[in-house]
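Welcome to a short tour of a two-chain model. Please have the viewer open, and we will walk from the overall arrangement down to single side chains.

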There are 2 protein chains.
Amino acid sequence: MKYGIAIFPSKKVQDEANSYRKRYDPHYALIPPHITVKEPFETDEQVLESTIIPELKRIAKSTTSFSIKISKVSSFSPVTNTIYLKVDPSDEIVKLNQNLHEGIIPDNKEYSFVPHITIAQKLSDEEFSDVYGSLSMDSFDIVDKVDRFQLLYQLENGAWSVYETFRFGEQ
Amino acid sequence: MKYGIAIFPSKKVQDEANSYRKRYDPHYALIPPHITVKEPFETDEQVLESTIIPELKRIAKSTTSFSIKISKVSSFSPVTNTIYLKVDPSDEIVKLNQNLHEGIIPDNKEYSFVPHITIAQKLSDEEFSDVYGSLSMDSFDIVDKVDRFQLLYQLENGAWSVYETFRFGEQ
């Protein structure tokens with residue numbers, strides 16, 4: 001099965017991100033707004049239960065709640081036409097991402113970690129110019145608390161379902 | 001905020017339910033296939049954290065994994081045109097539903113508990129007759145393991161996001 005690990009921001013931030021995603025993100029219906037902290041990886045449920053989940057519990061237990069800050073949108077252009085709310089790469093979130101790619105957890109990292117909440121993707125070049133031109137003028141003043149991450153798996157229709165929640169500071 | 005509690009069946013069962021939901025359920029994009037064990041209720045996050053979550057942990061800890069069986073579809077007609085995979089109302093799932101409406105957890109139960117996975121709803125009368133006529137001829141032989149429930153909250157767009165997972169037998 002294909003698994004991934006994400007942080008879901010608070011309802012307020014999800015609602016704000018969805019106001020853009022509804023119009024500009026074809027993945028809008030597949031998963032709520034999120035920060036991917038581990039890209040999708042393949043494993044079977046037995047390996048997951050016996051080795052990965054105990055490690056995720058350990059990581060969650062040793063992680064302390066932290067704040068994230070979002071002050072602007074950015075884009076992966078020219079690689080892709082994805083537009084996202086840029087999450088300041090604090091030490092805490094970078095460390096969490098690093099922990100999720102070490103030891104017995106598969107290191108499937110292909111790119112350097114750019115914490116973000118996607119709000120638009122798969123736009124035509126013209127749409128991208130319009131939307132990014134407009135959104136990049138906006139400033140955001142979002143501060144949100146992160147106190148858990150979620151392990152998800154992908155269904156055949158592309159949607160993601162939560163397998164388990166890992167709260168920081170808990171075993 | 002509006003919260004609810006659901007059981008998500010295994011990927012296999014979710015995929016099967018989605019094959020119907022995609023065509024017949026306008027809530028398809030709002031939440032993966034699920035068994036509602038507590039209907040939506042309003043509370044604030046502070047009450048949730050201080051009183052409800054500790055109780056949900058206690059309930060999860062005292063619950064043992066159980067199997068569910070699905071052998072046919074059924075419908076809430078004539079009350080609504082909802083069609084669902086009928087989950088046999090085993091003692092275990094009935095007890096879990098009961099536990100989630102007792103003590104300090106708000107008792108928001110309006111109907112008797114009919115465990116089910118919705119696969120079609122808000123159909124016109126004509127669509128309903130066609131779809132139910134066809135599906136009610138099918139027999140299902142689904143057995144699935146339940147070992148957790150999930151607390152969800154609803155976003156402004158109607159979609160549900162997972163707040164926390166509660167595994168049975170764990171604190």
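Chain A superposes on chain B through a rotation of 180° with 0.0 Å of shift along its axis, at an RMSD of 0.0 Å; the fit is by least squares on the C-alpha atoms of residues with pLDDT of at least 70 in both copies. The two copies are thus related as by a two-fold rotation axis. Both copies use the same surface, as 100% of the contact residues of chain A recur in chain B (contact means heavy atoms within 4.5 Å).

Some ground rules: this is a predicted model, where local features need pLDDT of at least 70 and side-chain atom pairs pLDDT 80 or more, while totals for chains, interfaces and linings use all residues. Residues are numbered from 1 along each chain as its sequence is written, chains are lettered from A and ligands numbered from 1 in the order in which they are written, and side-chain values use heavy atoms, without hydrogens and water.

**Salt bridges**

Over all chains, the structure holds 18 salt bridges, each a side-chain nitrogen of Lys or Arg within 4 Å of a carboxyl oxygen of Asp or Glu. Here are three of them.

| Pair | Closest N to O |
|---|---|
| Lys11(A) and Glu156(B) | 2.4 Å |
| Glu164(B) and Arg167(A) | 2.5 Å |
| Asp15(B) and Lys11(B) | 2.9 Å |

Lys11(A) sits in helix H1 (residues 11-24) of chain A and Glu156(B) in the loop between E7 and E8 of chain B, so this pair joins two chains. Helices (H or I, at least four residues) and strands (E, at least two) are DSSP runs, numbered from the N terminus. Lys11(A) is buried at a relative accessible area of 15%, whereas Glu156(B) is exposed at 60%; buried means under 20%, exposed over 50% and partly exposed in between, with a 1.4 Å probe and protein chains only.

Glu164(B), from strand E8 (residues 160-167) of chain B, is buried with a relative accessible area of 4%. Its partner Arg167(A) is buried too. Among the residues that Glu164(B) touches are Arg148(A), Thr165(A) and Glu170(A) of chain A, as well as Ile53(B), Lys57(B) and Phe149(B) of chain B.

Asp15(B) and Lys11(B) both belong to helix H1 of chain B, 4 residues apart, about one turn of the helix. Elsewhere, salt bridges link Glu49(A), Glu164(A), Lys145(B), Asp147(B), Arg148(B) and Arg167(B) in a network.

**The annotated histidines**

Which residues does UniProt list for "active site"? The unreviewed entry gives His34(A) and His116(A); such annotations may be inferred rather than shown by experiment, and positions follow the numbering used here, with feature names shortened. They span 83 residues in sequence, yet no two of their C-alpha atoms are more than 8.0 Å apart, so they gather at one spot.

His34(A) lies in the loop between H1 and strand E2 (35-42) of chain A and is buried at 17% relative accessibility. His116(A), in strand E5 (residues 116-120) of chain A, is buried at 15%. The contacts of His34(A) include His116(A), Ala6(A) and Pro9(A), while those of His116(A) include Phe76(A), Tyr84(A) and Leu85(A). A polar atom of the His34(A) side chain lies 2.9 Å from the backbone oxygen of Pro32(A), and one of the His116(A) side chain lies 2.6 Å from the backbone oxygen of Val114(A).

Technical notes:
Polar contact = N/O pair within 3.5 Å; in protein donor to acceptor, adjacent residues only side chain to side chain. Lists of a residue's contacts leave out its neighbours within four places in sequence.
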